[in-house]
Amino acid sequence: QAPEKKDVKLGVGGKALLYYLPLTIAERKGFFKEQGLDVEISDFAGGAKSLQGLIGGSLDVVTGAYEHTIRMQAKGQDIRAVLELGRFPGIVVGVAKAKADSYKSPKDLKGMKIGVTAPGSSTNMLVNFLLAKEGLTPQDASFIGVGSAQSAVAAIKNGQLDAISHLEPVISMLERSGDIKVVVDTRTEEGTKALFGGSNPAAVLYVKKDFIDKYPNTVQAVTNGLYKALQWIQKASPEEIAATVPEEYLLGDKSLYELAVKNSKPTYSQTGLISESGMKSTYDMLKQFDPELKESKVNLADTFDPRFAKKAAEVVK
Amino acid sequence: MVVLRVIERDAPGAKPPAVALEGVSIAYGGGSQPVYEAVAPTTLRVAESEFVAIVGPTGCGKSTLLNAAAGLLKPASGAVSIFGEPLAGLNGKAGYLFQQDALMPWKTALENVAIALEVGGVASSDARKQAKEWLGRVGLAAFADRYPHQLSGGQRKRVGLAQVLIRHPKILLMDEPFGPLDAQTRQIMGTLLLELWAADRKAVLFVTHDLEEAIALADRVVIMSCGPKARIIGDHTIDLPRPRDVSEVRLDPRFHALHKAIWSELRDEVVKAYGGAPA
Amino acid sequence: MVVLRVIERDAPGAKPPAVALEGVSIAYGGGSQPVYEAVAPTTLRVAESEFVAIVGPTGCGKSTLLNAAAGLLKPASGAVSIFGEPLAGLNGKAGYLFQQDALMPWKTALENVAIALEVGGVASSDARKQAKEWLGRVGLAAFADRYPHQLSGGQRKRVGLAQVLIRHPKILLMDEPFGPLDAQTRQIMGTLLLELWAADRKAVLFVTHDLEEAIALADRVVIMSCGPKARIIGDHTIDLPRPRDVSEVRLDPRFHALHKAIWSELRDEVVKAYGGAPA
Amino acid sequence: MSRPKLLAWQVLVAAIVLLIWHIGSTVPIGGTYLLPKFFFSTPGEVIARIWKLFAGGQIWKHLSITLSETVLAFLIGSVGGVLFGFWFARKPTVAAVFDPYVKMANALPRVVLAPIFMLWLGLGIWSKVALGVTLVFFIVFFNVYQGVKEVSSVVLANARLMGMNERQLFRHVYWPSALSWMFSSLHTSVGFALVGAVVGEYLGSAAGLGYLIHEAEGVFDVTGVFAGMVILAAFVLFIDWLVTLIENRLLVWRPQPASQA
Amino acid sequence: MSRPKLLAWQVLVAAIVLLIWHIGSTVPIGGTYLLPKFFFSTPGEVIARIWKLFAGGQIWKHLSITLSETVLAFLIGSVGGVLFGFWFARKPTVAAVFDPYVKMANALPRVVLAPIFMLWLGLGIWSKVALGVTLVFFIVFFNVYQGVKEVSSVVLANARLMGMNERQLFRHVYWPSALSWMFSSLHTSVGFALVGAVVGEYLGSAAGLGYLIHEAEGVFDVTGVFAGMVILAAFVLFIDWLVTLIENRLLVWRPQPASQA
Ligand SMILES: Nc1ncnc2c1ncn2[C@@H]1O[C@H](COP(=O)(O)OP(=O)(O)OP(=O)(O)O)[C@@H](O)[C@H]1O
Ligand SMILES: Nc1ncnc2c1ncn2[C@@H]1O[C@H](COP(=O)(O)OP(=O)(O)OP(=O)(O)O)[C@@H](O)[C@H]1O
Ligand SMILES: [Mg+2]
Ligand SMILES: [Mg+2]
C-alpha cells in the first residue's frame, strides 16, 4: 500500500553517530525513496531534543533510545517503538590509561571521576547500573557531563577523567590510541549478556500512537526502509559501509572508521524485534535509578508495536 | 500706547495678563541633595502686548523664572497663569529661546527652523520656504545647509532666534538672545524683534545683561536681587516713545536718565551678589 | 611700559612673539563636504606680555583663530609659532577659555578647578585649597560643590575662568569670557584679569563683542573682516595709560576717540557680514 | 511612584504571569492545553520543586559554582571589554586594522568553541568562565568603544589643553564620560555572563545550575528545568542590583531626569 | 591611513594568525603540538575544505537558510528592541514595573528555550529566528533604553515647547539622538543574530551552517567545523558592512572626530 503521507519528518539526535548508522544507510541507499517516501532528516543536539520535537508536533518519527518510550509512557505520552535498530546499547566503559593497572573490578570505579555524555543519559545510567551490581550507589562516583565527542576525547587526553562511559566512535578512537582500557563493553553479545543477562534494546524507531493510527502505511514504509538498511548492514563489509556514508563521517581517518564499524556491527538489530526480556531489563534498570519511574506502572506491551517489524520481514527482500 | 495698557493691567474687567507669576518661589534640589531656594516668592505680570526686560546679577534666577513661565519648572509655591488660565504642564503659547544651545544637532540650520512650523502641521515645502526667509532675516541665508556644529556661537544663536520667531508665538521668552552677537548685529536683531512685536503685539519676557539693550527695547525693566531667595527689587517703566530706533534711542536724554537710575540700583545688587552664598 | 614692548616687537634681536600666526589661513570641510574658507591668510603676532583683543562681526572667524593658536585646528596654509618655536600638536603653554561650556560635567565646580592643577602634579589637597581660593575670586565660593548642570550660565563661565587662570599659563586665549555676565560682574572680572596680567605678564588673546571692554583691557584691538576669507582689517594700539581702572577708564576722552574710530570701522564690516555668504 | 506601590504592581505582574501559566498548563482550552505540561510544567510544581531543592541543601553547591563562574565571567569580560574598548577608541589605526577580526570573533558560535575551551582550560569552572567572557566581552567592548568616541569634543579639547596625558585623560575624561555607555552594556551583560556559565555547564560539567538543568532535561523533568531557570533568574536580579548600586554611586553627577510637568 | 595601506595591514594580521595556526598545528614544539590538529585542523585543510564546499555547490542552500534566519532575527530583534526601548524609556512607570522581569528574561539560557520555540514555531527557520531574536532584542533594548534617557534635556525641552507630540518627539528628537546608541548595539547584535541562528540549527535542524557544523562535530571533522566558522565570520562582516553603510547615511550630521594634532 502506498503511504498516506509522503513527506515524513524524521528526527535524530546526532545523525553521524554509528548508533544511528541504519538511518544513514537507508538515506544514502535510497531505501526510503523506494518506499515512496520523501524523508527530511533533522539532526538534534541529543536524543532528548529530538523527542521533544516529536511531542511538540514538529516531527513525525524519531530514531532514538528505546528507554524514551518507557519514560514517555510513564508520563502519559503514548509513544511507541516500531522497530529495533540496535539490540545492544553499544555503550562502553573505559578506564583511563593511568588508572588501568589498578582497576580490577567495577568496585574500583568508586571515587572515580567518570565522564558521561550527559548527566542522566543512558551512558550515565549504565554506570549507575554497574555500580549497583557491586552494591555501590551513584553517589560513590562523580559524574561529569562531557558533552560533544570532541570534549570527551579532550577530557580523557588531558587526564581530567578517570573513566569514561561513551559510544562509538569515541571509544574506538581512544582505544586505538591507547588512552583507555575497555572494561565493560556492550557492543558485543557477550558483554551485554554479562552485564544485563540478555540483550538490551538501544536505538529504535518510535512514533506517537496517534500517528500509527492515522498513517499506518507511512509507518510501515519508514519501517521497511530502515529494516532494509539493517539487512544490508548485516551483509556489508566495513569497507562497503565506509564507502556508503558521506565522506565527512569518516573521522578524517578511514581505517579508524572501519574499525569502529567493525566493533559496532554486532549491535545492529537483526530482526528489528525487541525481546520481552530486553524491555523488562531496561525498565528495571530505569526503575532502579530514576525516582520518577520507581512508582510507575508501565505496560511494556505499550512500548513496542511489533506489527510493523514483522510485516517488514515479510515484504522486504 | 503700550504704557497705558500696562497701567491698566489691574483694573477690573481688564484682560488677564499674558504671563502672571503670582507669588512664585522656586527651589532646586531636595531628595538626597540640599535644597537651594533660588527664587523667593515673586510676583511678575506681563500684559498681553507688553515687552518686559529682566536684568540682574549673574546667577540670580532669571533663567529660572523663564523656565517657570515656560512650564519647565514647577514652582515650589505660588501659581503661574497664562492669559488668565492656570498653567498645567508646558506653556503651549510660548516660544522660548534658551540661554544654552538648544538646536537639534542632527538637523541643518534650515531644517531646525522649518521643523518649528512642520510641528504645527505646515506642509514641508511651505515650511522650508518660510524657514529660508527667516534665515535670511537673521543673516544666515548662506548657511542654511550647515549643521549646528559647523556654525559659530553667534550663528547658532541666530538660528535659534529664527526657530522661535517663525512660529509667531503669543508669548516670547528670551534668555540673553543677543549675548554672543556683536554690537552691530545685536542692533539689527533688536530692530527685527521690535518690528515683529509691533506687528502682532506679543508679550515678551526678555533676559539680558546689557542694560542699554533692555532700556532700548522694553516697556518695563525689572531688576532682580542676587540669590539665593532672589526677589524683584525694581520695576521701571520705560516711557520712551514708540516706535523706537534701537540705535538712535540711546542718544535720547531720557534714556540716560533711566539708565542711570536703573544702573545704580543694579550695581549695588551685583556687589552683594559677588559675595552671595547659597542658603 | 607695555606699549613700548609692543612697538619693539619687530626690532632685530627682540624676543620672539608669544604667539605668531604667520600667513595662517583656515578652511573647514573637505572630503565629501564643501570646503569653506573661513580665514584668508592672516598674520597676527602677540608679544610676550601683550594684551590683544579681537573684535569682529559674528561668525567671522575669531574662535577659529583662537583654535589655531591653541593647536586644535591645523591651518590650511601658513605657520603658527609659540615663543619662536613652530607649533606641533597642542599648545602646551596656553590656557584656553572656550566659548562653549567646557567643564567636565562629572566634576563639581571645585573639582573642575582643582583638576587643572592636579594634572600638573600638584598634590590634591593643595590643589583643592588653591581652587577654593580661586572660586572665591570669581565669586563662587559658595557653589564649590555644585555640578555644572546645577549652575547658571554665568556661573559656569566663571568656573571655567578660574580653571584657566589657576594654572597661570604663559598665554591666555579667551573666547568671550565675560559674555554671559552682567556689566558689573564683567568689570570685576576684567579687573581681576588685568591684575593677574600685570603680575606675571602673560600674553593675552581676547575675543569679545564688547568694544568698550576691548578698549578698556587691551594694548591692541584687532578688527576682523566678515567671512568667508576673513582677514584682519584694522589694528589699533590702545595708548591709554596703565594701570587702568576698568570702570573709570571709560570716562577718559581718549577712550571715546578710540571707541569712535574702531566702531566706525567695525560697523561697516558688520553691515557687510549681515549679507555675507560662504564661498 | 512610591516603593510600596511599585512593588504591588510588580507582584501583580508576577501573579498574572503565574496565573496564565497555571491556566495554560492545567485547563484545556478547546481540547488542547495552551502550555502543555510536558513542555512547561505547572507553576505549583515548579515552586514546590524550588522549595525542595533549597530544603534539600544540595542546591547550594551548584549555586555557588554557577555564581562564581558568572561573577568571574562578568568581571573578566567587562574589564577586558573596557580596556580593549578604550584602547581601540584611542588608537584609530589599531581599531581600523582589527575591526573586521573583532566582528568575526563576535560571530563565532560559542557552543562550538566549548570543546576548545575545555581542551585548554579543563572541565572545571574556567572553561565556563571563558564561555561567559566571550559573550560579555563583546557587548561591553562595542559600547565602551562607542562611548569613548562620543566624548564631548570641547570637554576633551579643554582637558588636553590643560596638559592631561593619556592616563589622566582616561581617568578624568574618557572613563567618566563613557560610564553611562558602560553601565548600559553591563546591564545587558550580567544576563549574558550567566547564560555563558550555564551553557558551559550544560555542554559539559560536573556541577552547577546548568548541570542540574541538563540533567533534568535528559530525563524530561521539565519541572526541574523550570525550577533551575527560575533560580537563575532570581540570581541575575541580585547581581544586577549590585551593578545598579555601583552605577548610582558613580553617576551621581548626572542631572535627574526632569519630572515631566 | 589610506585604504590600500589599511588593507595591507589587515591582510598582514590575517597572515600572521594563519601562520601561527599553521605552525601550531603542524610543527611540534617540545614534542607536543601547540594547537593539536585534532582540535584545530590546519589552515590549509580548512581553506581547501571551504573551496570544496563552494565548488560542490551544496553550501549555497545552507548559506541561504542561515542568512535568512540571521537577517530576520536581526531585523525583528532590533525593531523590537528599539520599540520596547523607546516605550520603556518614555514610560518610566512601565519601565519600573517590568524592569526585573526584563532582566530575568535576559538571563534565561537560550539553549534551554530551544525546545519551546520548536514547539511553538516548528522545525523550520522560525524557531532559529526566535532564538536569534532573544539575543538581539536584549542588546538593542538596553542600549536604546539608555540612549533615549541620554537625550539632551535642553534640546528636548525646546522640542516640547515647539509643541511636538509624542510621535514627533520620537521622530525628531529621541530617534536621531538615540541612533548612535542603537548602532553601537547593532554592531554587537549582528554577530549575536548569527550566533542565535547557528545555535538554533545546531540544536536541531535539517539544514543551515549550524547543521553542517553540528554534523561535522559529531564525526570529529574539525576541518568541517572550522570551515563552517570561517564562512560564518565572513558572512557577518558582510552584514556589518551593510549596517555601517546605513549608519553613515543616518549619522551624517555628526562632527568628524577631530584629527589629533
Ligand atoms: N539644577 C540646579 N540645582 C541647584 N541649583 C541650581 C540649579 N539650576 C540653577 N541653580 C541655581 O539657581 C540660581 C539661579 O540660576 P539661573 O540659571 O536662573 O540664573 P540666571 O539668573 O539665569 O544666571 P545667568 O545670568 O548666569 O544665566 C543659581 O544660583 C544656580 O546656581
Ligand atoms: N566645523 C565647521 N565646518 C564648517 N564651517 C565652520 C565650522 N566651524 C566654523 N565654521 C564657520 O567658520 C566661520 C567662523 O567661525 P567662528 O566660530 O570662528 O566664528 P566666530 O568669529 O567665533 O563667531 P562668533 O562671534 O559667532 O562666535 C563661521 O562662518 C562658521 O560658520
Ligand atoms: Mg541664565
Ligand atoms: Mg566664536
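Chain E superposes on chain D by a rotation of 180° with 0.0 Å of shift along the axis, at an RMSD of 0.1 Å. The fit is by least squares on C-alpha atoms of residues with pLDDT of at least 70 in both copies. That is the relation of a two-fold axis. Both copies use the same surface: 97% of the contact residues of chain E (heavy atoms within 4.5 Å) recur in chain D.

This is a predicted model, in which local features need pLDDT of at least 70 and side-chain atom pairs count only at pLDDT 80 or more, while totals for chains, interfaces and linings use all residues. Residues are numbered from 1 along each chain as its sequence is written, chains are lettered from A in the order in which they are written, and side-chain values use heavy atoms, without hydrogens and water.

Now look inside chain D. Its domain assignment, automatic or from a database, gives domain 1 (1–40) and domain 2 (44–250). Their centres, taken over C-alpha atoms, are 30 Å apart. Five residues of domain 1 of chain D are in contact with five of domain 2 of chain D.

The two domains of chain D bury about 490 Å² between them, 74% of it on carbon and sulfur atoms. Buried area is the accessible area (1.4 Å probe) lost on putting two parts together, summed over both. Helix H2 (residues 37–40; a DSSP run of H or I, at least four residues) of chain D gives the most to the domain 1 side, with four residues. By class, that side has four nonpolar, no polar and one charged residues.

Notes
Helices (H or I, at least four residues) and strands (E, at least two) are DSSP runs, numbered from the N terminus. Ala, Val, Leu, Ile, Met, Phe, Trp, Tyr, Cys and Pro count as nonpolar, Asp, Glu, Lys and Arg as charged, and the others, Gly among them, as polar.
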